[in-house]
Structure formats: C-alpha cells, structure tokens
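Me: Hello! I am new to this one, so could you show it to me and then take a few questions?
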Amino acid sequence: MTAQHSNHTHSARDPRCLEVFARLSEYLDGELDETDCRLIEEHIEGCEPCVEFLRSLRRSIEASHHYAAKVEPGRIPPELEERLKQAWQAALARRRSA
Amino acid sequence: MEWARRLLAGDASAFTPFVESIQHRVFQYTWLMCGQREDAEEVAQETLLKVFENFDQLQDPERVRAWVFRIAKNFCLMKRRRSVFAPERELSLDELLPGTEDMPRSTQLEDRGELPDERLLRAELGQQLERALRELPETYRSVVLLRDVEGLSTAETAEILDLSIDAVKQRLHRGRLALRKSLARYLGGNGEGKQP
C-alpha cells in the first residue's frame, strides 16, 4: 500500500481508497501490524471522504455491539426446566464418576 | 463464565441465572438466524437441553459461550434444512462500495427544511439495524452476529462456524460493509461514503 494521498479526489474506484476500504475491519479490530496501521492512517489523514466512510462504518459496528432484540424469549415451561435440571444432575454424576 | 464454573462445581443456585443468561443470548441469535419466533424459541430450547445433556463435556468454563453457540448454530442449520431452502448469495466488495444511496438521512431532513435530530437518528438506527441484520445473507449474518453482537473472538467464531480465521475476517468485513451500506442513511454525519 502506498502512503501517497495529498488530498486526492475521492472516488469509490480510486485504487488507494480501495486498498484502505478492503482492510478497514482489520484496522478497526486492531488486527493489523504497526506498519499497515500507519499506512492506513496516513492515507485517511488526507482523504476526508475516507474519514467519513470510516466514521460511518465504526458507528454501524457500534450499533451492532449495542443491539438488543425487542422480542424477549418466552418463559421456559416448567416441564422443560425439570428436564434441564435432571440432565445437569446426570452430567455432573458422569463427570464425578469419570 | 462464572455461572458455568459454579454449575460444574454442583452449585444449584447458579442454575436459574445460567439458564436465563444463556436462553436470552441464544434466543437473540436464533431470532435473527431463524426469522420466526416459534423457530427461534424451539431452537433456543433445544440448545439449552443439549447443553445440559452434555454439560460433563464442558472442559473449560471460560469457553462456555463458544461451546453453546456452536450447539445453537448446529440446531439453526438443522432447522434451515427442514424449512424452505433459500439459496445463499455472496456479497462482492464491488457492490459494497459507497454510492449515492448513502446520502445520510440528516441531509434528507435538511432538504425538507427540518433540523437533523441526533436522538431521532439513533432511534431510527436501532429500529433499522434489526431489519438490516435480517437482510444480510446468512453466510455473513452468522459471522456478524457472533463477532459484533455477541462479542466473540475471531478464533471462537471460526471454531463455531467451522471456518478458517481468514474466512471469518473476510465475511465479517463484507457483512459489516453491507450493514453500513444498508444503514448509511441513519448513521448521521455529513455525506458519509458519498461520492463527490
């Protein structure tokens, strides 16, 4: 990846942007080494549309982190709860005898 | 997980909190993977039963979440096989590039002479997220759910889904990009991803 950018005109097809575009998840997840991180940051620094794109991607990911289904599971039927307890006790017994 | 550790030690007081916690997390996953409430409930309950039937096989309580989700994933797959077959679609990076549909909703509101409201955007984002997650092809949805919604690691997700680390990373990235594209109007900011 080249670090040259100097406020280039952004286009979704710009190869410099495409290289960054392909690695943004790894960048946000801290999975890139220092050199690759620096190259991405150097590119982004001069590319305002990429900054905006990164910001929206980060916000979208954060929304997923906070997702909570509006539908709650129903209460576990008493007969199932009893089966779960029996299965747990049987598993514990097997574990002790192993 | 602390409840799992206590259950393995035979502590009955950990039973209910463990069940409630697992049921809630698994239901959220099955709800978005199965699509129907009845299916999601059934799969979550089948998962719970399988978890307890095999509880003696849980070697490391720290890995209980990955273990539970692997069981849930298998039940989801079986449920899918029993239901109508829906062909999977692969997302190409090309179709996830930023485009004009990315115009943020705040800009649309401004166009109508209304002030953008950050709280309104946040509420709308929450509402639209579930729809966007459901619309993701299953291949990507399962990875995004495990990594970003459930917070499991790349390695745990790979193990649950029988994928390589690289495949998880690739699917996660494409899934995230698809979500971003789908939600772009609700993400606020100024012209995110918009081409000049």
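Me: Which domains does the domain assignment of chain B give?

Reply: Happy to help, and please keep in mind that this is a predicted model. The assignment splits chain B into two stretches, residues 2-82 and residues 93-186. These are domain 1 (2-82) and domain 2 (93-186).

Me: Which element gives the largest share of the side of domain 1 of chain B that touches domain 2 of chain B?

Reply: The contact draws 10 residues from domain 1 of chain B and 12 residues from domain 2 of chain B. On the domain 1 side, helix 2 (15-34) and helix 4 (64-82) of chain B are the elements giving two or more residues. By class, that side has five nonpolar, one polar and four charged residues. The largest share, five residues, comes from helix 4 of chain B.

Me: Now for the two chains together: which helix of chain B gives the most to the side that touches chain A?

Reply: Here 45 residues of chain B are in contact with 35 residues of chain A. At least two residues each come from helix 2, helix 3, helix 6 (118-135), helix 7 (138-149) and helix 9 (165-183) of chain B. This side of chain B divides into 23 nonpolar, 13 polar and nine charged residues. With eight residues, the top contributor is helix 3 of chain B.

Me: Which residues of helix 3 of chain B are buried?

Reply: Helix 3 of chain B runs over residues 37-53, which makes 17 residues. From first C-alpha to last it reaches 24 Å, close to the 24 Å expected at 1.5 Å a residue. Its buried residues are A40(B), V43(B), A44(B), Q45(B), T47(B), L48(B), V51(B) and F52(B).

Me: Is D162(B) buried or exposed?

Reply: D162(B) lies in the loop between helix 8 (154-161) and helix 9 of chain B. Its phi is positive, about 55°, although it is not a glycine. A residue counts as exposed at 12 or fewer C-beta neighbours within 10 Å. D162(B) has 10 of them inside 10 Å, so it is exposed.

Me: What pattern does chain A follow along the sequence?

Reply: Chain A has four helices and zero strands. Of its 98 residues, 26% are buried. Among its contacts between residues at least 6 apart in sequence, 57% join residues at least 24 apart. Read along the sequence, the pattern is α-α-α-α.

Me: In chain A, where is confidence highest, and at what mean?

Reply: Chain A averages a pLDDT of 86, and 87% of its residues score at least 70. Over residues 2-6 of chain A the pLDDT stays under 50, and the model has 10 contacts for them beyond four places in sequence. Confidence in chain A is lowest in helix 1 (residues 15-28), at a mean of 88, and highest in helix 4 (residues 78-97), at 94.

Me: Over which residues of chain B is the pLDDT below 50?

Reply: Chain B has a mean pLDDT of 83, with 81% of its residues at 70 or more. Beyond near neighbours in sequence, one low stretch has 21 contacts in the model, and another has 29. Where pLDDT is low, the predicted coordinates should not be read in detail. The stretches include residues 103-115 of chain B and residues 190-196 of chain B.

Me: Finally, what ipTM and pTM does the model score?

Reply: These two scores belong to the model. They are ipTM 0.85 and pTM 0.83.

Methods. Residues numbered from 1 in each chain as written. Chains lettered and ligands numbered in written order. Predicted model: local features only at pLDDT ≥ 70, side-chain atom pairs only at ≥ 80, totals over all residues. Domains from an automatic or database assignment. Contact = placed C-beta atoms within 7 Å. Nonpolar A, V, L, I, M, F, W, Y, C, P; charged D, E, K, R; others polar. pLDDT = per-residue confidence, 0-100. Expected span 1.5 Å × (residues − 1). Buried ≥ 20, exposed ≤ 12 C-beta atoms within 10 Å, placed from the backbone.
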